[in-house]
Amino acid sequence: MARAPVIQVNRLSVNRGQRRVIEDVSFDVAAAAFVAIVGPNGAGKTTLLHTLLGLVEPSDGTVRVLDHPPGRDAKRIGYVPQVKTLDRTFPAEVLDLVCSGLTHAWPFWRTPSATERAEAALETVGAADLATAMLSDLSGGELQRVYLARCLVHEPELLLLDEPATGVDATGAADLYELLDRYQADHGATIVMVTHDWNAAYHHATDVLLLDGRCISYGPPQKALGADPLREAFGHVGHAHAMLQGGPPHD
Amino acid sequence: MSDTPTLCCKEARPMIDALQYPFMQRALVVGVCLGVLASYYGAFVVQRRMSFLGVGLSHAAFGGIALGLLLGIEPFWVAVPFTVGVGWAIAWISDHGPLTSDTAIGILFAVAIALGVVLLSYRQQYTADAFTYLFGSILAVEAFDVGVLLALVVGTAALAPLWPRWAYATFDRTLARADGVPVQRDDLMLITCIAITVVAAVKLVGAILVAAFLVVPAATARLHARSFRTMTLAAMGVGTTTAVAGLFASFYLDWPSGAAIILMQALVFGCALAASYR
């Protein structure tokens with residue numbers, strides 16, 4: 001018997017104030033899929049992710065995540081935000097932040113087992129040396145790795161990632177996508193990632209959702225990132241489509 | 001007041017002598033409790049950049065106290081719902097509109113003070129007790145206040161499981177919400193606790209100075225803390241010791257209690273600040 005979709009979005013519309021940001025979007029995400037959400041600025045990508053997390057209420061339509069309404073099963077979900085809304089002056093070590101991914105609250109004490117798991121997660125993302133660093137001392141790219149470790153530490157079955165490679169250098173970004181591929185293979189996890197990196201979407205995702213307020217295309221990358229849908233979303237294709245068809249530069 | 005000490009030779013009395021006076025015993029219990037409570041909540045106030053909220057709530061408390069004095073009701077019982085109401089209004093305005101919390105506080109605390117002054121102008125009796133609430137007095141603390149503060153300490157201890165959620169939302173509200181933390185509800189609970197603590201502190205510290213009680217110990221702790229846990233605990237330590245030291249200074253130097261405690265806190269803050277630049 002086929003597994004039920006991990007995410008079901010049916011005729012979703014979302015308003016931000018007076019403005020309709022998402023209009024009549026429907027799609028399903030199958031278990032163990034790697035979906036990249038791409039689109040121009042203001043296309044509603046982050047709003048869609050926030051709706052899946054339960055941070056934003058749909059104005060219309062229905063959303064189910066892990067067979068529940070959004071926001072009901074946070075412990076099975078790992079999330080990396082796009083804009084870090086953290087307080088950079090907050091006194092904390094990296095291990096505190098990673099441990100918060102285990103408890104879904106800020107740890108008053110770090111238990112030895114929690115510390116051990118947090119250190120293992122940091123090792124996974126190549127940030128073991130940052131374990132006792134203060135958060136305020138981290139660069140943007142280092143912080144991104146730490147957030148990813150925090151996201152993975154409780155081994156969630158669904159990852160919702162909002163531009164996880166922001167601030168990470170090219171080599172680091174390639175490592176990050178490889179890490180996601182490996183995590184998905186090892187855990188059978190489902191990944192939904194908002195990205196501006198078409199190459200990453202093209203070469204790592206099983207499906208791409210091209211969004212521009214409404215769903216322009218959804219399906220395998222070769223189809224969803226075709227010249228016509230890209231032209232419809234961005235107004236022009238430029239050299240990007242040719243680059244995608246020719247393979248990523250790092251290949 | 002029968003237990004008021006005579007002023008002569010106070011400076012020469014040993015510390016233990018001060019403890020013979022029931023008013024001093026009450027003030028010390030209240031001071032220690034306030035040191036613990038205000039500093040505990042102050043860690044959140046400072047880290048959330050809500051220092052102005054303490055000012056707003058303390059001035060709102062004054063408005064509530066004035067209403068209680070006018071109605072002839074124990075001011076605490078009127079000031080608590082009044083101050084909590086103002087706190088919730090500040091949270092609602094800043095969450096549901098284009099105005100930021102500092103604007104909401106700026107409006108509401110001025111309105112509360114204006115209301116307090118107008119209410120006091122209707123009062124026929126001598127209004128010296130109202131001014132005690134403005135500047136605080138070691139002599140104003142009664143057994144009722146001791147009971148209230150002890151109950152608040154017990155209540156705060158019972159709410160200790162909320163610390164991880166409050167701390168999480170202090171660090172990153174969006175992340176906390178994404179993890180299922182009911183941030184808005186928790187915020188209202190935190191504001192309620194801070195408002196009640198502020199009202200309870202007004203008699204000893206005074207409405208004008210009580211905001212510093214929330215801010216200075218936590219700011220001192222923040223200078224050297226490597227974690228929010230140590231910041232919270234260190235703030236409580238600073239708040240408690242400076243309250244005791246300030247009350248003895250108040251007793252021996254005949255200073256207003258609120259001012260004496262705040263000056264002690266400022267002294268410790270100055271030392272911590274200097275040490276942080278070494």
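Trainee: Why is strand β7 (residues 190-194) of chain A called mostly covered?

Mentor: This is a predicted model, so the statement is about predicted coordinates. A residue is called buried when 20 or more other C-beta atoms lie within 10 Å of its own. In β7 of chain A, 5 of its 5 residues are buried, and the strand is called mostly covered.

Trainee: Which residues show that both faces of β7(A) are covered?

Mentor: On one side A:Thr190, A:Val192 and A:Val194 are buried, and on the other A:Ile191 and A:Met193 are buried.

Trainee: How do you know what β7(A) pairs with, and in which sense?

Mentor: Two strands count as paired if there are at least two bridges between them. Strand β3 (residues 34-38) of chain A has 4 bridges to β7(A), in the parallel sense. There, A:Ile37 stands opposite A:Val194. β6(A) is joined to β7(A) by 5 bridges, again parallel, and A:Leu158 faces A:Thr190 of β7(A). Since the cut-off is at least two bridges, both partners qualify.

Trainee: What makes β5 and β9 of chain A the edge strands?

Mentor: The sheet is open, with 6 strands in the order β5-β6-β7-β3-β8-β9 in chain A. β5 (77-80) and β9 (214-219) each pair on one side only, and that makes them edge strands. From one strand to the next the twist averages 15°.

Trainee: Why is the pairing of this sheet called mixed?

Mentor: The sheet holds parallel pairs, including β3(A) with β7(A), and also an antiparallel one, β8 (residues 207-212) with β9(A), joined by 5 bridges. In that antiparallel pair A:Asp212 stands opposite A:Arg214. Helix α8 (residues 227-234) of chain A lies across β8 and β9, at about 155° to β9(A).

Trainee: What makes the phi of A:Asp24 worth a remark?

Mentor: A:Asp24 is not a glycine, yet its phi is positive, about 55°. This residue lies in strand β2 (residues 19-29) of chain A. A:Glu155 also has a positive phi, about 50°, and is not a glycine; A:Glu155 sits in the loop between α4 (140-152) and β6 (158-162) of chain A.

Trainee: Why is A:Asp24 called partly exposed?

Mentor: The term covers counts between the exposed limit of 12 or fewer and the buried limit of 20 or more. A:Asp24 has 14 other C-beta atoms within 10 Å, so the term applies. A:Glu155 has 14 as well and is therefore also partly exposed.

Trainee: How do you know what kinds of residue lie where α4 and α5 of chain B touch?

Mentor: The contact residues divide into 8 nonpolar, 2 polar and no charged. Among them are B:Ile90 and B:Ile93 in α4(B), and B:Ile105 and B:Leu108 in α5(B). Ile and Leu count as nonpolar. The helices, residues 75-96 and 101-121, pack at about 150° with axes 8 Å apart, in a right-handed crossing.

Trainee: Where in chain A is the pLDDT below 50?

Mentor: The mean for chain A is 88, and 92% of its residues reach 70 or more. Residues 247-251 fall below 50, and beyond near neighbours in sequence this stretch has 3 contacts in the model. Where pLDDT is low, predicted coordinates should not be read in detail.

Terms used:
Residues are numbered from 1 along each chain as its sequence is written. Chains are lettered from A and ligands numbered from 1 in the order in which they are written. This is a predicted model: local features need pLDDT of at least 70, side-chain atom pairs count only at pLDDT 80 or more; totals for chains, interfaces and linings use all residues. Axes are lines fitted to C-alpha atoms, for helices over the stretch in contact, and angles run from 0 to 180 degrees between N-to-C directions. Two residues are in contact if their C-beta atoms, placed from the backbone, lie within 7 Å. pLDDT is the predictor's confidence in each residue, from 0 to 100. A crossing is left-handed if the near helix is turned anticlockwise from the far one by less than a right angle, and right-handed if clockwise.
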